[in-house]
Amino acid sequence: MQILQYLINGISIGAVYAIIALGYTMVYGIAKMLNFAHGDVIMVGAYISFCVTNYLGLPSIVSVIAAVAVCTLLGIVIEGLAYKPLRGTSSLAVLITAIGVSYFLQNAAQLIWSSSPKNFTSIVTMEPISLMGGQLVITGEVLVTVAVSIAVMVGLTLFTGKTRTGKAMRAVSEDRDAAQLMGINVNQTISTTFAIGSALAAVAGVLLCSTVPTLMPTTGSMPGIRAFTAAVFGGIGSIPGAMLGGILLGIIETLSKAYLSTQFSDAIVFSVLIIILLVKPAGLLGRQVQEKV
Amino acid sequence: MKKILGNKNTRTNLVTYLVVIAAFVLVKACNSLDMLNSSQKGYLVPICVYISLAVSLNLLVGVCGELSLGHAGFMGIGAFAGVVIAAVLKDAVASDTVRLLLAMITGGLIAGVMGFLIGIPVLRLRGDYLAIVTLAFGEIMKNIIGNTYVGMDEEGFHMAISTSKMKLGEGGKYIISGPLGATGVEKLATFTMGFVLVMFTLFVVLNLINSKEGRAIKAVRDNRIAAESVGINVTAFRMKAFVVSAFLAGMAGALFGLNYSSMTASKFNFNTSINILVFVVLGGMGNILGSVISATVLYVLPEAMRSLEDFRMILYAVVLILVMLFTWSPKFKEAVGAASEKITGLFKKKKEVVGNE
């Protein structure tokens, strides 16, 4: 029974990673940049939600909507101010700028909300379900997180597959120059991608802090790196890959903490990532792109 | 003599060495005249360490074209290996300088060996995937160092991954105690040794860049397939650059570790790797003197802004973003170009100004 409980916990944290990874993978797939500020947008989302519920006393659903709205705006502003002017230049330049943005967000948050941790109250009010005479407990957070991550994955798949904007995104991701020649507004498409990625980050932030209730200016960075690993794990640029990578990473993390070693869980998670990348260099579900000579 | 100085590479290298030597002499002079306060003196060794780290990472990122996000991992290995060696040799070697040198060399060697072992799987990958795997290795190394216990007693040297497995005899003491890190470290590091380290790093990297190996490495960076087709063994050269870079980072780490009385593994995290990368990118990829200058300026800048307290890191972030935008953005370059054309246009009376579109 114990193992089932660990599995459920793993899936729960993995589903949060999956939502963050979905944002990463969208941005990487389309803008071809490693957005290191993504983790910090998560943190901002969580703080907004915290403030709306605790200081304004509004219901939690309003706080989620507010977090999504603020983060979407934030994503568009960051993209427009910091990344857009560097479009088409070295990818390292954009990477460093993203790091600058990440520092900025973390320190701005520290200035506004101070570095002392806040106790985030879960937005989920559902009673935990206990199965098999209390041996197996599934909390409301687990159910909501898993449901949201599946919904987001399905939504994104449909969006990129069926809608006009989604198709434009895929075209930009495939070949930016050719897409531009076909009349696609590349800049606008990338901005939209950032808006979607940041909105997902807000949702992930709220769910992350509902699962792990400590909120600090650095809350987003480690899950950000983990989710990024998850995105690579599943094959960066692939939507189902990000979902699979996130869930697997969560499960591996929880199981290795439970059965192998608590202190070395980081080393185990990253070792698994390295092994997977050596066997499948493009990730689990990634497409291997043949290099043309 | 003229012939040697006529070579552009030799001249740039000479300038790099001269700048470093001049800076060293200047600082030494200021120091002997008591012009530096104690906190400024405290910056000197870390500056040397970060210069070496930036130069060695530049070899990897700028010259070799491989984005590495795990440089701090090698630094950490070097730091802890150096601390252990310095403590173990305490009674055997009397001279502090010799002990420091031995610690640095051992730190470098162990980091270099780790670099080789990591390089075997990592260098199969390219581009962003390589970056991620180096990130992963950096985290793994930090995680392992942070949970290792090293101690010494009459019987000799002990190493384990938990306190319960450590069987230290009476009178034995811990050199590294897991998450608490190394404590009670003798501060052996000196600024002169830092200078020696910087000069050694520059010597190794500059000579490597201008050698047959260096040209091969650059060829691999510019076009891997073309380089391969003219018979360059791509993996071997990438490996060379990787190991040399790890070795130098390990040496710098050992000096860094012996500069503080205590040190934890969390110091060598992802953020430190990123900071070193920022030095390299802002200094200019493949530009060694640029790395030296940017490491110095960017290390001193946040320290100098300490009086601003909370605003300091925000300002640092803003400066970082603005510098990146100003140096890389094509629009900004265009605007500068147009402006300078306008200004020169003022002096050329009869010619029409065509700068603006």
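1. Let me start with helix α6 of chain B in this predicted model. At 1.5 Å a residue, the 19 residues of α6(B) should cover 27 Å, and the end C-alpha atoms of the helix are indeed 27 Å apart, so expectation and model agree. Of those 19 residues, 15 are buried, so α6(B) is largely enclosed by the rest of the structure.

2. The helix α6(B), residues 127-145, also takes part in the meeting of the two chains, since it is among the elements that give two or more residues to the side of chain B that touches chain A. The others are α11, α13 (311-328) and α14 (330-347) of chain B. Altogether, 34 residues of chain B are in contact with 35 residues of chain A. Which element gives the most to the chain B side? That is α13(B), with 10 residues. By class, the chain B side has 26 nonpolar, three polar and five charged residues.

3. While you have α11(B) in view, have a look at Leu277(B), which sits in that helix (residues 270-283). Is Leu277(B) buried or exposed? Leu277(B) has 26 other C-beta atoms within 10 Å, and 20 or more are needed to count as buried, so Leu277(B) is buried. Beyond residues up to four places away in sequence, Leu277(B) touches Leu57(B), Val61(B) and Leu69(B). For a sense of scale, Leu277(B) and Phe24(B) are 253 residues apart in sequence and 24 Å apart in space, C-alpha to C-alpha.

4. Another residue to click on in chain B is Pro46(B), which lies within helix α3 (residues 38-63) of that chain. Pro46(B) counts as buried because 20 C-beta neighbours lie inside 10 Å; the cut-off is 20 or more. Leaving aside neighbours within four places in sequence, Pro46(B) is in contact with Phe256(B), Asn259(B) and Tyr299(B). Pro46(B) and Gly253(B) are 207 residues apart in sequence, yet their C-alpha atoms are 9.8 Å apart in space.

5. Over in chain A, helix α2 (residues 38-54) is mostly covered, with 15 of its 17 residues buried. The length of α2(A) works out well too: at 1.5 Å a residue its 17 residues should span 24 Å, and the end C-alpha atoms are 25 Å apart, which agrees.

6. How do α2(A) and α8(A) cross? Their axes come within 7 Å, at roughly 60 degrees, where α8(A) is residues 186-211. The two helices are therefore oblique to each other, and the crossing is right-handed. From α2(A), the contact uses His38(A), Val41(A), Ile42(A), Met43(A), Gly45(A), Ala46(A) and Ser49(A). The α8(A) partners include Gly197(A), Ser198(A), Ala201(A), Ala202(A) and Gly205(A). Sorted by class, the contact residues of α2(A) and α8(A) are 10 nonpolar, six polar and no charged.

7. A second pair in chain A is α1 (residues 2-31) with α9 (residues 221-234), whose axes come within 8 Å and cross at roughly 65 degrees. Angles of 65 to 115 degrees count as roughly perpendicular, so α1(A) and α9(A) are described that way. The crossing of α1(A) past α9(A) is right-handed. Among the residues that meet are Tyr17(A), Tyr24(A) and Tyr28(A) from α1(A), and Pro223(A), Arg226(A) and Phe228(A) from α9(A). This contact has 11 nonpolar, two polar and one charged residue.

8. A third chain A pair is α3 (residues 60-83) with α4 (residues 91-113), packed at an angle of about 130 degrees with axes 11 Å apart. That angle makes α3(A) oblique to α4(A), and α3(A) passes α4(A) in a right-handed crossing. Ile78(A), Ala82(A) and Tyr83(A) of α3(A) make the contact with Val94(A), Thr97(A) and Val101(A) of α4(A). Five of these contact residues are nonpolar, one is polar and none is charged.

9. Finally, two loop residues of chain A deserve a glance at their backbone. Lys32(A), in the loop between α1 and α2, has a positive phi near 55 degrees without being a glycine. Lys32(A) is partly exposed, with 15 other C-beta atoms within 10 Å. Ser114(A), in the loop between α4 and β1 (118-119), also is not a glycine and has a positive phi of about 65 degrees. With 12 other C-beta atoms within 10 Å, Ser114(A) is exposed.

Key
Residues are numbered from 1 along each chain as its sequence is written. Chains are lettered from A and ligands numbered from 1 in the order in which they are written. This is a predicted model: local features need pLDDT of at least 70, side-chain atom pairs count only at pLDDT 80 or more; totals for chains, interfaces and linings use all residues. Axes are lines fitted to C-alpha atoms, for helices over the stretch in contact, and angles run from 0 to 180 degrees between N-to-C directions. Helices (H or I, at least four residues) and strands (E, at least two) are DSSP runs, numbered from the N terminus. Angles under 35 degrees count as roughly parallel, over 145 as roughly antiparallel, 65 to 115 as roughly perpendicular and the rest as oblique. A crossing is left-handed if the near helix is turned anticlockwise from the far one by less than a right angle, and right-handed if clockwise. Two residues are in contact if their C-beta atoms, placed from the backbone, lie within 7 Å. Ala, Val, Leu, Ile, Met, Phe, Trp, Tyr, Cys and Pro count as nonpolar, Asp, Glu, Lys and Arg as charged, and the others, Gly among them, as polar. The expected span of a helix is 1.5 Å times one less than its number of residues.
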